[in-house]
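Colleague: I'd like to learn how to read a ligand site and a few backbone features. Could you walk me through them?

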Amino acid sequence: MIESTIHRHNAGIDPAMHLWGWEIPTYLFLGGLVAGLMIIAGVRLVAMRPRERQALVCCTIGPLVGLALLSLGMLALFLDLEHKSHVWRLYLTFRPTSPMSWGSWILLLVYPALAANAIAHLPEAIPALAKRIPVLVTWSDFILGRSRLVLAIGFVNIVLGISLGIYTGILLSTMGARPLWSSAVLGPLFLFSGLSTAAALLHGILVLTQPAGERPGFADFLLSALARLSESRPLDHKVAPTLAAADNSFLTIELALLGLLLVGHLTSTQVHRQAAALLLTGPYAAVFWVFVVGLGILVPLTLQTLELGHRIRHTLAPALLVLGGGFALRVILVAAGQASHWASAAN
Amino acid sequence: MPDLSRRRFLRISAASVLAAGLAGRATSAFAGWSEGSAAAKGGVRTVPTFCDICFWKCGAIAHVRDGKLWKIEGNPEDPLSRGRLCPRGTGGVGAHSDPDRLRTPLIRVSERGQDKWKSVTWEEALEYLASRMAKIKADYGPESMALFSHGIGGTFLRHLMKAYGTPNIAAPSFAQCRGPRDVGFRLTFGDDIGSPERTDIANTECLVLIGSHLGENMHNTQVQEFAEAVGRGATIIVADPRFSVAASKAKHYLPIKPGTDLALLLAWMQVIVTEKLYDADYVAKYGFGFDAFAASLTGYTPEWAFTETGIDPETIRTTAREMAKHRPATLVHPGRHTNWYGDDTQRSRAVALLNALLGSWGRKGGFYQPSSMDVPAYPCPDYPKPARPKLDNPGKRYPFAHEGLTTGIREATITGKPYPIKGWMVYATNLISALPNEAETIRAIQALDLLVVVDVAPSEIAGWADVVLPESVYLERYDELNPELFRDPFIALRQPVVDAPDDQKPNWWIAKRLAEKLGLDTYFPWSNIESYLDTRLKGAGYSLAELKRRGIVRGPRQPLYFEDGASAEFETPSRKIEFYSTQLEKAGFDPVPRYTPPEGGPAGSFRLLFGRAPMHTFGRTQTNRLLSDLMDENAVWLNATAALRLGLKTGDYVRLKNQDGAVSERVQVKATQRIRPDCVYLVHGFGHTAKGLRRAYRKGASDSGLITRYKTDPLMGGTGMNVNFVTLEPVEGA
Amino acid sequence: MSRYAMVIDTRRCVGCMDCVVACKTENDVPEGYCRDWIAETVHGEFPTLQMEIRSERCNHCAEPPCVDCCPTGASHVHERGGVVLVTRDKCIGCKACLAACPYDARFIHPEGYADKCTFCIHRVEQGLAPACVSVCPTHCMHFGDLDDPQSEVSRLLASRANHTLLPEAGTRPHVFYLT
Ligand SMILES: Nc1nc2c(c(=O)[nH]1)N[C@H]1C(S)=C(S)[C@@H](COP(=O)(O)OP(=O)(O)OC[C@H]3O[C@@H](n4cnc5c(=O)[nH]c(N)nc54)[C@H](O)[C@@H]3O)O[C@H]1N2
Ligand SMILES: Nc1nc2c(c(=O)[nH]1)N[C@H]1C(S)=C(S)[C@@H](COP(=O)(O)OP(=O)(O)OC[C@H]3O[C@@H](n4cnc5c(=O)[nH]c(N)nc54)[C@H](O)[C@@H]3O)O[C@H]1N2
Ligand code: SF4
Ligand code: SF4
Ligand code: SF4
Ligand code: SF4
Ligand code: SF4
Ligand SMILES: [Mo]
């Protein structure tokens, strides 16, 4: 029989750690999503012939949305800082041992990479914009005129995307102090989760922008604004099945990695077992099974499989579910990770 | 019957050589302060004084940084603190900055006990008070005013009240605290244990603690010496129903059934006597009535004691032999708060007798002979002789009470007999929680014409007062000098370190002003406190200037043990250590201790025990932000198995309900292996009901509120309070 | 070189928390927070029990994950004695170090920066012992230089059984507990 008592109550730490609320999970979610968008955009850019005008959703809309979401993510991160006026301190130094330092520099590079990708096809995607800002056309021509630059931008997006995606997991997994997080699987897990959410997002956009009649009616009004703004050519709807298929692979890999994470913990020390139990049977189990595994992975996987088999129409549902599941995954891992503790079992 | 209050302590006069020897001792590491009081170093000023968070009075050095009180450290010159304070002393800073303090004098504007006041000036308050006191004197006589006062701060008010003409003065430190122990030891050795206790823990080889929970009971020097003893590998034996901190340091932990200690003590003595392990020479030389005593032990075998105490006979034998092995450097600690079960004087006497058998009184590692320095009193007129005798102990109902009985005054106030008590002055004691049975205290208060409370905080007792006078805390005032009886004689000064934040005044000022208004100025012939202190110190060969600089002056150590020439006289009727007490016999009590089992409680209930937490002093530190940060509510300790049975776990909130239906505030459960299954334990001082104590209001449970019953010790009127039983009731939705 | 360490004798410690109050006053630790604290571990079943009481704080780890994860360099290892410190002006309050410390030794000061035990380096540099060490009424705490084999801490560690907290966390703590 062991009884341990700690006579202390420091806010944020005791009795269990609760430092991070919604901001960090949001940041990690958006970061992962953007990472996925970058990788998809990069791959598409690299794989496509320069003047192919079909890559609007992956190479233009994706990066543009990515830029916006990244900014939202950075805002969430910023909101979480306890000493906001010192934020510039991040960029006075580079700390190779600190994932957060890596992250802040990666984020800095992500912006131009994403922007370059977006610009390449921007005039085609949104002619109205190009008309107003003619320089966009110049830049676009400059990029598309140089096939090696196009390749470079594509590869940079892929590399940065992978880094960013893995980083969102590494950020947690280097915290050896929190047993739930201390697993090398977390990096790939967040990367593939990011990819799945990105593919789902793009797929969702395609569903939304389907020619009228094919498009689910409830989304019409949502779209009218976007459509008017873009005066866009119809998007490259042909990639929708590809995206759905890709998403399915990502989801499958994510599921496998999640299993690996938990099995890893369950076969490790007592504290790790306790950490895994938090998700499997403990206070977070309900949310984990229902929102992350069920609605976040298994249901969309099934729906998209049916879509691909032409059993049902492509709908917005899988996209929304995957996005929700991706967010839930971050929320739950951040929360349960904070609750997992060495000392709870070690004393 | 001899007058027990006649005491002979070795007093030394203040030889001027002693200061010289010590002046050079200020260690270089502390050069900053040894330069003198108000020594400044990098914007930091240091002022030596002594602590008042409890009654141990440790020498301290307060640091003031940029005009603000920063920290308080021990004064290395001081033999009590030895340069280190206890957590409460270190946390004294929080007493000064406590936002819940009283700020101005208050006069009640509504019903008693409703906490409704108007702020008044000191002039108004004292004028009002003086007129009310004058009226009581005129209508009922001065004896009808009583003073309750606890601690050194009350000196000048005690002086005032004696000058006013009342003999009715008492403190909870006797009938609610150490009374039984002092009487038990007086009856046996003719002398007191004193405070600080004369226990030579520093040199003991075997320390026996019966309940004394050193380490939680944080009386500084004792804890320091206790840790040394542990570090040295001294044998520690602890009998406690709870696995106390001290128990965790013990070689032998005896998980005794509450209230059966006398059985254990008798069995120990039985073993030591029958196995002839006692100090025969010592007993022969100093003892009286040993044979009758030895004969009385016959039936008290370890096997018999097992049935009472639950302690295995072999353990009783082993521990008895261990004690004998180390004698005379075996110290069976007399305890301090000994008012437990109403038979406490006899239990304390058994502790004294066990020590006598081991020859530890007057011996190294046992009890040393303390001494103090002579500081002549300030010349004052004699007090008027009260027309009526004090009424706390009418007809010597409790023949061996040698100090005033708080509960006796309370009873007389309720009954009006032998004469009415119409006014109470209460200084630095929260009678509502210090005395058992709150309802009786309130009934007495309702019989009064005047209740004046001098306090630093809006305490429960202040809530009942007609007039509340806010005192400055010890860091803001001068007090009486402290020439304590101790192993090393010394004189210590308390002096102001910082100003009082509002309109609080020191007790000496209050007493002197009130005296003037009462026409008693002749008793306060000094112009101000500095001249009073300086005059006294000059009489002892020192000056206030020197004490202000050093905080403390020390005299040469006097012989501590018989073998070194310490006086081996016993002020008992036989002039010897009384194994058999003819005084007791004459008064109709057992001349040798005799065991009676404690009464049990209702089925399914737990005996309520209580004690100290190291970072709090009674109920007076819960609003100190530094200390409440360490512990801001108490928990009820409940045996883990019992908790399982009741479906309770650590952190659950419950209410405690006692045998008379008294219910506590909600309190957390601490389900623990560290306590017997037949009792629960609370740290005293929590569960405040005074709203003004904002930080402490309704935090945790009050043991006092559950102590509706008490058992009075027939020898000296102490109130045994461990006789209440509680059940635990879950709090819904908490 | 020097390598500061604290050696605490759990046999003498009574858990009084004087070390905690002293730290609070010495270092102006704000209300509601503390840099050191008391932990109790009880083994066994009543009445056969063993209890260890420990005064805990930042362990000034030789492999401090809190320093590794800090993105600004605010958390760093001081050149003197290997003490782990936080430079307030550099701290952005990202809380990575709080999450990275297996001992939960850090907290966010209400002014927005990560705070924790400094081994009272400001006192040590003046030749004084840390505040907690110098007040402890049981004299159970010792502070000194492990690189000096003659120091009290070195001798205590050489002569008595001791342990650190969560050695499995791989941080190599420099607060040692004598048992
Ligand atoms: N239920 C229960 N009752 C007990 C005990 C117990 O453990 N449980 N213990 C008993 C023992 S051992 C003792 S010694 C007594 C102690 O009994 P008390 O000495 O009465 O202790 P407190 O209840 O803390 O009340 C102290 C009061 O003094 C005030 N005070 C503090 N400092 C100052 C000051 O500088 N000046 C003035 N004017 N007022 C000040 C506080 O605000 C508080 O109102 O209680 C006894 N009664
Ligand atoms: N921190 C701190 N220290 C203090 C004080 C304070 O307020 N705070 N107050 C000081 C004062 S005035 C006093 S009087 C002392 C009081 O302190 P002590 O004299 O040391 O102890 P008590 O209050 O008598 O008893 C409390 C202990 O007795 C145990 N106990 C209860 N019932 C029994 C029993 O039947 N038999 C045995 N063997 N043990 C039992 C309890 O479990 C607990 O461990 O503390 C002093 N020291
Ligand atoms: S024992 Fe603690 S509270 Fe009491 S006088 Fe000494 S330092 Fe102050
Ligand atoms: S001050 Fe000393 S005895 Fe008290 S808790 Fe701290 S380390 Fe232990
Ligand atoms: S104890 Fe925690 S805060 Fe201190 S050095 Fe080690 S990891 Fe860092
Ligand atoms: S909170 Fe401050 S010290 Fe900690 S990692 Fe972030 S920047 Fe560094
Ligand atoms: S070394 Fe200093 S900062 Fe650290 S716990 Fe002790 S007093 Fe506090
Ligand atoms: Mo007491």
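Modeller: Happily! The shell around ligand 2 takes at least three residues from each of two domains of chain B, domain 1 (184–370 + 571–586) and domain 2 (606–730); the bounds come from an automatic or database domain assignment. This is a predicted model, where local features need pLDDT of at least 70 and side-chain atom pairs pLDDT 80 or more, while totals for chains, interfaces and linings use all residues. Residues are numbered from 1 along each chain as written, chains are lettered from A and ligands numbered from 1 in written order, and side-chain values use heavy atoms, without hydrogens and water.

Colleague: Which residues come nearest to ligand 2?

Modeller: A residue is near if one of its heavy atoms lies within 4 Å. Of 32 residues around ligand 2, B:Asp240, B:Asp261, B:His337, B:Tyr341 and B:His616 come nearest.

Colleague: And which backbone atom lies 2.8 Å from a nitrogen atom of ligand 2?

Modeller: A polar contact here is a pair of N or O atoms within 3.5 Å. A backbone N or O atom of B:Met218 lies at that 2.8 Å, and a polar side-chain atom of B:Arg612 lies 3.2 Å from a ligand 2 nitrogen.

Colleague: Is C:Lys95 buried or exposed?

Modeller: Buried means under 20% relative accessible area, exposed over 50%, and partly exposed in between (1.4 Å probe, protein chains only). C:Lys95 is buried, at 4% relative accessibility, and its phi is positive, near 75°. A:His310 also has a positive phi, near 55°, but A:His310 is exposed at 71%.

Methods:
A polar contact is a pair of N or O atoms within 3.5 Å; within protein, one must be able to donate a hydrogen and the other to accept it, and residues adjacent in sequence count only if both atoms are side-chain atoms.
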